[in-house]
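Thank you all for coming; I would like to walk you slowly through one structure this morning. Please have the sequence and the model open in front of you as I talk.

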Amino acid sequence: MGQDIAPFQAISISRRAHEMKAAGKRILHMEFGQPSTGAPQAAIAAAHGVLDTEAMGYWESVPLKERIARHYLETYGVEVRTRRIAITCGASPALVLALATAFNPGDRIALARPGYVAYRNTIRALNFEPVEIPCGEETRFQISAAAIEALPEKPQGILLASPANPTGTIIPREELAAIAGVAKRIGARIISDEIYHGLSYGPKIHSMLEFDPDAYIVNSFSKYFSMAGWRLGWLVSPEEGAQRTGAYIGNLFLTAPSLAQHAGLVAMDSRDELEGHVDVYRANRALMLDALPRLGLERIAPPDGAFYIYADISRFTDDSMVFCLKLLEETGVATAPGVDFDPVEGHRFMRFSFALSTDEILEALGRLEPWFRAQPQR
Ligand SMILES: Cc1ncc(COP(=O)(O)O)c(C=O)c1O
């Protein structure tokens, strides 16, 4: 029998938000990490073009793999042969592929808590064991080499994300190198989820490939490229794992949507438009950082990148789910409860996504400020 895994609580918040919307209420969606913008214009135009000319059979775009390989060279100075790149339907199947090909049933995978809800659950669903390392303010809510080294039992795998969900924190270069060093020493395989690359508000983002050429790298068109519903991503496997990844993807998933692959290739050269989105997120982040102290939310993780703010709400509640639902009912602002990201401490945290338009952020803050000021403190 399959493992029981927990649902994503933010989905029930979103479902309620959509009911309220259907009843005529204006809702501001800060619960999911998805850009409110669509795919780049040129990518949409390319998709229109091929719709009239292509049969859209099973297809793996060689030009897209070559473009991704060039991206590694240009962005990180790392050479990646195209045979190591698998095109997937987003980061989610890339993560499944990496876990399934790299580990044996029962293997222990170390990861940060808080972290993306699907990590823990996907690890469990595939019959591996998540080893959650509690990460607080001292380590900017991120996994560290020291914490991995201190584990009483050595893990076979390490799963990390920088920038991270739900915090947006970025692991500095030296720490990534130290994690790669520990992994090598203890014989653990690294999976690096680089889905938020391209979204930094200061610190330089490094790929784990710069430090560990044998890491599995997960990436996607869902965030920076603003193409979540197109379902497109990729996995870079280590040289010796590439053939196995190819066999797994062929059997488990076949190919990613042809239409999305055509559009994705063009999106990778739509930098001006995409950097325009980052400018909007930067402005939104500044507005949020300015306003949050007025809401009584002074304790937040430093949002170096991605488009999230993870805030401590313990002065108001010890039940983040009830708190987020009340906030939604009374203001129409949908947010994500911390329990999704951290089953132990998350009852006193919530996550805001600021991947909206700046007008929407201003409208949300206009509703949040009086509401938070009116909340009784514990
Ligand atoms: C850290 C992280 N990894 C993976 C995913 C899944 O993304 P995709 O849409 O590419 O499957 C998400 C989605 O929010 C995420 O936040």
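**The ligand and its surroundings**

Let me begin with the shell around the ligand, whose residues divide into 5 nonpolar, 5 polar and 3 charged. Before going further I should say that this is a predicted model, and please keep that in mind throughout. The shell comes to 13 residues in total, and the closest to the ligand are Ala-91, Ser-92, Asp-193, Tyr-196 and Ser-220.

Which atoms of the ligand have polar partners in the side chains of Ser-92, Asp-193 and Lys-223? Starting with Ser-92, a polar atom of its side chain lies 2.5 Å from an oxygen atom of the ligand. At Asp-193 the partner is a nitrogen atom of the ligand, which is 2.6 Å from an N or O atom in the side chain of that residue. For Lys-223, an N or O atom of the side chain is 2.7 Å from an oxygen atom of the ligand. As for how much of the ligand is covered, it exposes 400 Å² when taken alone, and the protein buries 91% of that.

**The pocket**

Where, then, does the ligand sit within the protein? The space that the ligand takes is the largest pocket, and the volume of this pocket is about 530 Å³. Its lining is made up of 27 residues, and those nearest the centre are Gly-33, Ser-92, Tyr-116, Ile-195 and Lys-223. You will recognise two of these names from a moment ago, since Ser-92 and Lys-223 both came up with the polar atoms of the ligand.

If we sort the lining of the largest pocket by class, we find 16 nonpolar, 7 polar and 4 charged residues. At least two residues of that lining come from each of helix H4, residues 91–102, helix H5, residues 117–125, and strand S7, residues 216–220. H4 supplies the largest share of the lining, with 4 residues.

**The cavity**

Turning from the pocket to enclosed space, the structure holds 1 cavity of 30 Å³ or more. The largest cavity has a volume of about 100 Å³, and 14 residues line it, with Ala-112, Pro-114, Gly-115, Tyr-119 and Ala-161 nearest its centre.

Which strands contribute at least two residues each to the lining of this largest cavity? They are strand S3, which covers 108–113, and strand S5, which covers 157–161, and of the elements that contribute, S5 gives the most, with 3 residues. The lining of the largest cavity consists of 11 nonpolar and 3 polar residues, with no charged ones.

**Backbone details**

I will finish with the backbone, and in particular with the loop between S5 and helix H7, the latter being residues 173–186, where Pro-163 lies. The peptide bond leading from Ser-162 to Pro-163 is cis, with omega near 0 degrees. Pro-166 also has its place in the loop between S5 and H7, and the bond that joins Asn-165 to Pro-166 is a cis peptide bond as well, with omega about 15 degrees.

The last residue I want to point out is Arg-140, which has a positive phi of about 50 degrees although it is not a glycine. You can find Arg-140 in the loop that runs between strand S4, residues 129–134, and helix H6, residues 145–149.

Note on methods:
Residues are numbered from 1 along each chain as its sequence is written. This is a predicted model: local features need pLDDT of at least 70, side-chain atom pairs count only at pLDDT 80 or more; totals for chains, interfaces and linings use all residues. Side-chain values use heavy atoms; hydrogens and water are left out. A residue is near a molecule or strand if one of its heavy atoms lies within 4 Å of it. A polar contact is a pair of N or O atoms within 3.5 Å; within protein, one must be able to donate a hydrogen and the other to accept it, and residues adjacent in sequence count only if both atoms are side-chain atoms. Accessible areas come from the Shrake-Rupley method with a 1.4 Å probe; for residues, only the protein chains shown count as cover. On a 1 Å grid over the protein atoms alone, a cavity is a set of points where a 1.4 Å probe fits but cannot get out, and a pocket is an open set with protein on both sides within 12 Å along at least five of seven lines; lining residues have an atom within 4 Å of a point. A molecule sits in a cavity or pocket if more than half of its atoms lie within 2 Å of its grid points. Ala, Val, Leu, Ile, Met, Phe, Trp, Tyr, Cys and Pro count as nonpolar, Asp, Glu, Lys and Arg as charged, and the others, Gly among them, as polar. Grid points are joined across faces, edges and corners, and a volume is the space filled by probe spheres set on the points.
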